[in-house]
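Q: I am new to this structure and would like a close look at the side-chain contacts in it. Please explain the terms as they come up.

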Amino acid sequence: MTLCTNTIRPLVLLLPALLLVSGCATQKSRESKSALNRFYHNETAYYNGYFNANVLVQQSRANLAASHQDNYIKVLGVYNDVDVPNPESVAQDIDKAIEKLTVVVALHKHSVWTDDSYLLVGKGQYLKHDYESAEETLEYLREVYNPEAMAQRKNKVSRKAKAKAREKERAEKKKQQEKERAEKKAAAEEARKERRKEAREKAKERRKEAARKQKERRKEAKARAKARKQGKKLPKKAPPAESETPVTTEETPDTTAAILPEEEKPVALPDTSATDTEPETPKKENYFLKHRPAYAEGLLWLGRTYIERQMYDEAFRVIHQAVQEPSASPAVLREAPVALAHLYLRQERYEEAIPHLKEAIAKADKKKLRARYQYILAQIYQKQGRLTEAAQAFAQVRKSRPGYEMDFNARLQLTLSSWMAGQAVAEETRKDLHRMIQDKKNVDFKDRLYYALAEVELVEGDTAQALIHLTESLAYNPANKAQRAETQLRLADLYYEREEYIAAKMFYEQALESLLATDERYERASRLSRNLTEIARNLQIIQLQDSLIRIAGLSDKERIELAEAIKAERLAASQKAKNPEGGAKGEGLARAVSQEGPSARIPQGGTTKSSFFAYDNKARERGMKDFRQQWGDRPLTDGWRLSSRAVALAVQEAEDAEEAIETRLTKSELQEMFKDVPFGEEAQAEAHDKIQNAMITLGRLYRERLEYPEKTIEVLNEMLTRYPDSEHELDAWYFLYLAHQELRQKEEAKRYFDLITGKYPESTYARVLTDPSYLGEEQEKERKLNAYYETTYNLFQEGHYSAVWKRLMDVDEMFGKTNRLQTKFAFLKAMTTGSIEGKDAYIDALRDFVAKFPNTEEEKRAKEILRLLGDKSVAPKSLPGQVEPDSEFALDPDGVHYVIINWELKDVALEDAQKAVNQFNNAYFKADRLRLSANIFLNVDVPLMVIRKFDNAEKAMEYYRLSQKYAGEFIGVAGAPFRVYPITQQNYRVVLKNRTLEAYDTYFRTHYQP
C-alpha cells in the first residue's frame, strides 16, 4: 500500500488490529461489517488498486488528447479524446488498469470503491473505443448500484433471491430494450431524414438571403468608397432592418421530443441561462467528508457510450437522468451540457446544440475548455450564415486567451467572416492573409493560411489561382495531417471537377493516407481513387505516346536542342536542390504544379517513376522556349554559350567552357533519351495502336466507373476522328449507342444502332441489340463452360483421371472446338495423359501441346514441365535469365516452411487482401501466431505476401488446403485470383533471386500437390 505524504493518516497504532480483523468478515455484506473492518477495506481498495488504476486511465486519456489533431476547417468536436487516429496505443495501459480494478472488486467487494471501479472500467473501455463492452459494464453499474438497489441491499434483501430475480429482470429488460431500440431507431431514422430535408431547405433559403444581403452591403461599400473619393458627404448609414438583426435571446426549442413516441418524449433539461427564475431541482445530498456514489457519473458516461453507438434517444434520457440524480457531483452537472452538445453535433443538428454549448460555456471551470466551446459555437454561427454572431463569438474566443493555435484560427476566421459579411473586399482580405503569412509567429500555420487564400479565390471564381494556393499549402507543416487531408481532398475534388483525372487520382491517394478511416469522406475518396486508377493509367499512355510521336517528327537539330535544354534545366534544378536557400520553401513545388500540372510527377503506366524527359509535353515545350529566350537560336558548336568569343575574357571563357562540358550531351545520353521514341513506321504503328487501345478503354471506363456518358461520347468521337479505320470501330459504336441511350438522345442512339446492324450484322453486339434474349443465352453458355472446366479440373486434382479423360473427350461436342477455354482443356488433357500412361507419354503429349498452342501461358508451363522431366528438346534460352529450375529448388519435407500468396493487383487492393488474410489466420490459425509480411514485390505486377512460419511441409500444406477450401472467405473480394504456395526457406530465396513464380509453380504442382 502506497500513501502520499499529505494523505498519511495515524494508522500505525491501528495496524495490528486491522490485520486481525481484515480476514474475518470478507464474505459478509457491507452493512454487517464493523466500522474498523469497513475502514480497512475502503482504504486498501483505494490505495492498493483504484488509485493506481485511475492514474493509468487518466494518463491514457491525456495521451489520446495529445494525439488528437484538431481540424479547424470542420466544426470541432467538444471532446479531444474521441476522434483519435490510434486508440489502440493506450490499450495496454488500460488493460493493466482493468486488471487492477478486477482485483479490487474481487478482494474488496463491499468497499465504497466498488462502484467507482466499475465506472473506471467502463471509462477505460470507452477510451479504447470498445464501446460495446463499455455499454455492458456501465449498464451493469446502472442496474446494480442505482439508489433503489442500494436501498434494498441495506434492508438485507436475500442476495440469492435478488440476484436470480435481477438476472431474470435483466434478460427481460434487455429483450424489451432491443425491441424498443429497433422500433425507435427506425422511427428516428425516418424523422432524421425529414429534419435534414427541412434543414437543407432552410439552409438554402438562408444562403440566398445572406447572398442578397452581402450583395447589398458590397454595393453600399462601393458607393461609400466612391463618395469618399469624390469628396461627397457620406450618406448616413440606415439602421439594419429589424428582420436582419439576429435574435440571440430567443429560446431554441428542443426538437428531440419530436422524434420519440408520444409516451416517451423526454423532459427538457433545465436551462438556467435563459430564464430569471430558478427551476425546481431535486434536493441534493451533502457529501462533505462522505464518499459520493459513482452512479450519476456512470449514467453520464453511459450516455456518452450510447452516442458513439448511435443510440441517440437512450443517450438523451440517461444524461438527463444523471442531471436529476441527487448524488450528481458539480463535475457531472458541468459535463452534462457538454455531452448533450456532443450528442447533437454527432447528428449535425447544429441549431439544437447551441443552447447546450452556451450552458457549457457558462459552467466551464477551465479557460481552455470555455474557449473551445466558444469556438465551436462560432463555427456553428458561421455555418448558418449568422456572420455577425460568428464574429462576436470568435472575438470572445480571443478574449479567453486560449493557446496560440486556437487564437490564430479565431483571428483567421474573424478576417474571413468580415469578408464574407461584405465588410471587406476580397483584395483587402488577400492583403491581410499575406501579412499573416509574413508574420514569423505564423510559420507553423502557413498551410492553413494558403488554404484560406484558396477559399477566397474559389469564391471569386479564380480556380487556377486557388489550385496554386492549395499546392503551396501542401508545402508547409506536413505534421498537420488534418489540414493536409483537407487540402489534398479539396485539390482532388477540384481536379476531378476540371476532368483532370490523373491529378485527381494522385491527390485522392494522398488524401487517403492522411484521412482517418472513421472520416465520413474516406469511403468516397477511396471509391473515386479506385475508379480513377485505370482511367489515369490510360490517359498517361495517350499523353506519353502522343509526345513520343511528336518527338519522332522533329528534325535532328530540334531533338538535340530539346535534349540540351532539358539537361540544362535538370542541372539547374539539381543545383537549386543543393542550395535550397535560394528560394522560399514550397515555391518550387507550387511553381511546378502551376506550370506543369501534377501529372508531370505521376508515374507513367506503373508504380515506378520513369526518368524519360518527354513524358510531359508542357515541360518539353517550356524547356525549348526557355532555352531560346536565354541563349537564342544557336548552332551546335563548342562553347555555344559565349555571346562573343572574340572579346570574352579568358577566365569567363574557361568557366563557360566548363559549363558547356557539363550540359553537352554525349551520343550515349542521346540514345538513352530517345530509346522509346518510335522512329520507324512499325514502331509508330505500335504507338498509335496503344493510343487506340487506351481510348477505347477510356470510353468504357468513363461510362462504367464514373457514370459519365458525355465523356464517353467525347473520347470515342475523338478516336473515330483520328482513326477512321480503327479496329475498335464496332466496340466504339456500341459504347456510343449505350451512352446516347443513357442520355435519352434517341436519334443518335438509332444512328449507331443502324451502323452496327448494317455493317456488322453477325456480331455479338448486333445480336444483343436485335434479340434481347441472346445475351442471356450466351451468358448461360459461358456459365456452363466455366462450370464444366472447374469440375473437370477438381476431379483431376482429386486423382480421378479416368473420369477426367471421359469429360475431356466430350468437350468438342458440347462446346465446340473453338471454345474460349480450348487451351486450358488441351493442357489438362496432356497432364491427364501423363498421369494415366506415364512419363514418356506425358513428354509426347506436352511436346504436341507446345507445337499446337504457342505463345500462351499454358505453353510456358508445359515447357517448364518438360525441362523438369529432363526433355532436352526445349532449350533453356526460351526463358532468358533463368537457369534449370530442377537444379535450384530442393525438397525438404521436415524443414521450416513459409507460405507465399500471390494476388492479381488489377483485381484486388493490396490492403484489402492483407486484411482478409489476417482475418483468415485469426479464424483458423490463431494459436500458431503466424506473422504476415505484405510489402514484397517480385516486380511491379507481382505482389507477394509471406506467412511465417510452419514447422514442416505438412503443416504448410494444411494451410494451403484450408485456403483452397475456404477461398471465398480467404479473400474478401469475390473472384479475385490468387495463388498459394508452401515453400521452404531456401526455395523462397531462389524465387526472390529469379523474381518469378512460374518455375516454382511447376515445381510445386509436381512435388507438393497430390
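A: A residue is called buried when its relative accessible area is under 20%, exposed when the value is over 50%, and partly exposed in between (1.4 Å probe, protein chains only). The model here is predicted, so to speak of a local feature requires pLDDT of at least 70, and side-chain atom pairs count only at pLDDT 80 or more, while totals for chains, interfaces and linings use all residues. Residues are numbered from 1 along each chain as its sequence is written, and side-chain values use heavy atoms, leaving out hydrogens and water.

Let us start with the rings. Rings of Phe, Tyr and Trp (its six-membered ring) pair if their centres lie within 6.5 Å; planes under 30 degrees apart count as stacked, over 60 as edge-to-face and the rest as tilted. The structure holds 38 aromatic pairs. One of them joins Tyr404 and Phe445, whose ring centres are 5.8 Å apart with the planes at 40°, so this pair is tilted. To place the two partners, you need the element names: helices (H or I, at least four residues) and strands (E, at least two) are DSSP runs, numbered from the N terminus. Tyr404 belongs to helix H14 (residues 404-420), whereas Phe445 sits in the loop between helix H15 (426-438) and helix H16 (446-460), so their contact ties together parts that are 41 residues apart in sequence. With a relative accessible area of 32%, Tyr404 is partly exposed. Its partner Phe445 has 14% relative accessibility and therefore counts as buried.

A second tilted pair is made by Phe920 and Tyr924, at 5.0 Å centre to centre and with 50° between the planes. Here both rings come from helix H37 (residues 910-924), and because they are 4 residues apart, about one helical turn separates them. Phe920 is buried, at a relative accessible area of 1%, but Tyr924 counts as partly exposed, at 31%. Rings can also gather in a wider group: ring pairs link Phe889, Tyr960, Tyr981, Tyr1000, Tyr1003, Phe1004 and Tyr1008 into a cluster.

Now for the charged side chains. A salt bridge is a side-chain nitrogen of Lys or Arg within 4 Å of a carboxyl oxygen of Asp or Glu. A search of the whole structure finds 54 of these salt bridges, and three of them are worth following on the screen.

In one, the side chains of Lys123 and Glu297 meet at 2.8 Å, N to O. This pair links distant parts of the chain, for Lys123 is in helix H4 (residues 114-127) and Glu297 in helix H8 (residues 295-308), 174 residues apart. Lys123 counts as buried at 10% relative accessibility, whereas Glu297 is partly exposed, with a relative accessible area of 27%.

Helix H8 comes up again in the next salt bridge, where Glu308 meets Arg346 at 2.9 Å, N to O. Glu308 lies in helix H8 and Arg346 in helix H10, so to speak distant parts of the chain, being 38 residues apart. The acidic partner Glu308 is buried, with a relative accessible area of 15%; Arg346 is partly exposed, at 30%.

Further along the chain, Asp546 forms a salt bridge with Arg722, and their closest N and O atoms are 3.0 Å apart. Again distant parts are linked: Asp546 belongs to helix H20 (residues 522-552) and Arg722 to helix H27 (residues 709-722), with their positions 176 residues apart in sequence as the stated separation. At a relative accessible area of 15%, Asp546 is buried, and Arg722, at 32%, is partly exposed. Some salt bridges also share partners, and in this way Glu135, Glu139, Arg181, Arg309 and Glu314 are joined into one network.

Finally, a few backbone details deserve a glance. Most residues other than glycine have a negative phi, and most peptide bonds are trans. Glu348 has a positive phi of about 60° although it is not a glycine; you can find Glu348 in the loop between helix H10 (330-346) and helix H11 (350-363). Arg744 likewise has a positive phi of about 60°, and Arg744 lies in the loop between helix H28 (729-742) and helix H29 (746-759). Glu348 is partly exposed at 43%, while Arg744 is exposed at 74%. The peptide bond from Arg948 to Lys949 is cis, with omega near -15°, and Lys949 is found in strand E3 (residues 942-950).
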